[in-house]
Amino acid sequence: MLQVRVKPGIEDRIRGFFPWIYRPEIASLSRKPKKGELVVIRDFGGRFLGYGYINPEVSIAIRILSFDKNQPITPDLIKNRIQEAYNYRKQLYINSNAFRLVHSEGDLLPGLIVDVYDEYAVVEFTTYGMNLFRETVISSLVDILKPKGIYEKANLTACKIEGVEVSEGVVYGKVPEEIVIWEHDMYYYINIPHGQKTGFFLDQRNSRRFVRNLVEPGSRCLDVFCHTGGFALNMKKMGANEVIAVDLSDLALDMGRRNEQLNNLSGIKWVNANAFDFLKEMDRKGEKFDVVVIDPPSFAKNRHALPNALRGYKELCVRGLKITKSGGYLAVFSCSFHVTEQHLFEVMTQASYDVKRQVRVIAKTFQDKDHPWILQMPNTLYLKGIWVEVI
Ligand SMILES: C[S@@+](CC[C@H](N)C(=O)[O-])C[C@H]1O[C@@H](n2cnc3c(N)ncnc32)[C@H](O)[C@@H]1O
């Protein structure tokens with residue numbers, strides 16, 4: 001197997017279970033590597049550190065799957081990891097028939113995402129190395145889940161950065177255009193082929209539940225960047241008098257309307273608008289809400305986009321604070337890998353100062369527990385939300 005030695009000083013981080021090696025950290029290779037090839041990683045003196053796969057064309061050149069000399073990367077290792085991920089989900093008692101089964105590094109399977117929607121699975125290969133295991137992954141999912149169908153979603157990062165020739169479509173059995181899943185006591189339509197991400201924002205499950213604690217019968221509520229209405233539906237379910245749900249996607253809004261009927265609810269106002277313009281307009285008109293949830297898409301796709309992203313989050317905090325009643329609640333989320341919890345707190349602090357509204361933090365929420373994160377990579381805690389009471 002191809003042997004890689006890392007530069008002196010890198011070994012401690014790897015022994016501390018950090019699973020990435022950047023291209024400039026490689027000291028030598030036993031020969032020219034092929035893209036996606038398996039490698040043995042050694043320290044500068046030749047001592048074993050781990051097994052991984054390499055893509056010499058990208059900045060994160062090596063991703064490590066095993067730190068154990070006796071556990072080389074084989075199809076069996078991949079299958080066992082998927083089985084372990086499944087066993088872990090089963091004991092989480094997720095109150096839904098839709099969950100993330102494999103969360104890349106969080107399940108020691110870098111480059112692999114698998115979401116399960118009832119009897120169907122959706123798979124994404126985000127690295128060249130993992131894509132080479134696609135047959136093993138798909139046959140393992142068939143054995144473990146016994147699904148009716150598996151759909152592969154194209155991942156743009158994989159395509160653009162890793163050079164994977166992504167394909168999209170059914171890779172096993174049959175997958176209908178639309179299915180219905182349940183989460184807590186609510187039902188949602190999922191459109192796997194045309195929906196965003198793999199079809200649903202599974203990571204917000206716990207926050208969609210949490211918002212119920214804040215809604216009183218008769219409240220006036222706002223769900224900004226609502227997608228198919230995750231927060232709006234829960235607000236209405238708790239007896240909110242008025243709920244406005246805003247998104248730019250017609251498909252998401254249409255599914256939101258149908259989700260409302262599916263759950264025997266009515267009266268949500270579904271608005272197709274740019275969230276920034278909509279919030280500005282609400283402020284200009286002096287509108288006020290009891291509960292405001294702002295859950296935007298990622299603004300920082302890479303490190304360089306961070307300053308602009310922080311300006312975007314600050315603007316959302318400012319606008320949110322201005323339209324929340326005294327004694328009301330505002331939640332702002334970031335799902336940007338590069339925006340930390342601390343960044344989010346700082347922009348909320350600055351916004352509170354700017355608009356002269358005092359806030360009290362009532363909760364922090366994160367991606368739900370089927371999206372495990374690893375301690376050595378704080379960024380894998382990518383979804384964070386701050387919930388404040390506006391005094
Ligand atoms: C993170 S998702 C929201 C998930 C949602 N809260 C849920 O629980 O399912 C972000 C949403 O923002 C929408 N979006 C993106 N840019 C937008 C914009 N400028 N204005 C309004 N909506 C936007 C996307 O269509 C997507 O539905």
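The exchange below goes through the ligand shell, some salt bridges and a surface patch of a predicted model.

Modeller: In this predicted model, local features need pLDDT of at least 70 and side-chain atom pairs count only at pLDDT 80 or more, whereas totals for chains, interfaces and linings use all residues. Residues are numbered from 1 along each chain as its sequence is written, and side-chain values use heavy atoms, with hydrogens and water left out.

Biologist: Which residues come nearest to the ligand?

Modeller: A residue is counted as near the ligand if one of its heavy atoms lies within 4 Å of it. The shell holds 17 residues, which divide into nine nonpolar, five polar and three charged; here Ala, Val, Leu, Ile, Met, Phe, Trp, Tyr, Cys and Pro count as nonpolar, Asp, Glu, Lys and Arg as charged, and the others, Gly among them, as polar. Those that come nearest are Gln196, Arg208, Asp247, Ala275 and Asp295.

Biologist: How far is a polar side-chain atom of Asp295 from a nitrogen atom of the ligand?

Modeller: A polar contact with the ligand is a pair of N or O atoms within 3.5 Å. A polar backbone atom of Leu248 is 3.2 Å from a nitrogen atom of the ligand, and a polar side-chain atom of Asp247 lies 2.7 Å from a ligand oxygen atom. For the polar side-chain atom of Asp295 and a nitrogen atom of the ligand, the distance is 2.7 Å.

Biologist: Which residue forms a salt bridge with Glu242, and in which strand does that partner lie?

Modeller: A salt bridge is a side-chain nitrogen of Lys or Arg within 4 Å of a carboxyl oxygen of Asp or Glu, and the N to O distance in this pair is 2.8 Å. Glu242 lies in strand β15 (residues 242-247) and its partner in strand β16 (residues 269-272), so the pair ties together parts that are 27 residues apart in sequence; helices (H or I, at least four residues) and strands (E, at least two) are DSSP runs, numbered from the N terminus. The partner of Glu242 is Lys269, in strand β16.

Biologist: Is Glu242 buried or exposed?

Modeller: Buried means under 20% relative accessible area, exposed over 50%, and partly exposed in between, with a 1.4 Å probe and protein chains only. Lys269, at 43%, is therefore partly exposed. Because its relative accessibility is 18%, Glu242 counts as buried.

Biologist: Which residue of helix α8 pairs with Glu178?

Modeller: Glu178 sits in the loop between β11 (169-173) and β12 (179-183), 80 residues from its partner in helix α8 (residues 250-262). The side chains meet in a salt bridge at 2.6 Å, N to O, and the partner is Arg258.

Methods
Polar contact = N/O pair within 3.5 Å; in protein donor to acceptor, adjacent residues only side chain to side chain.
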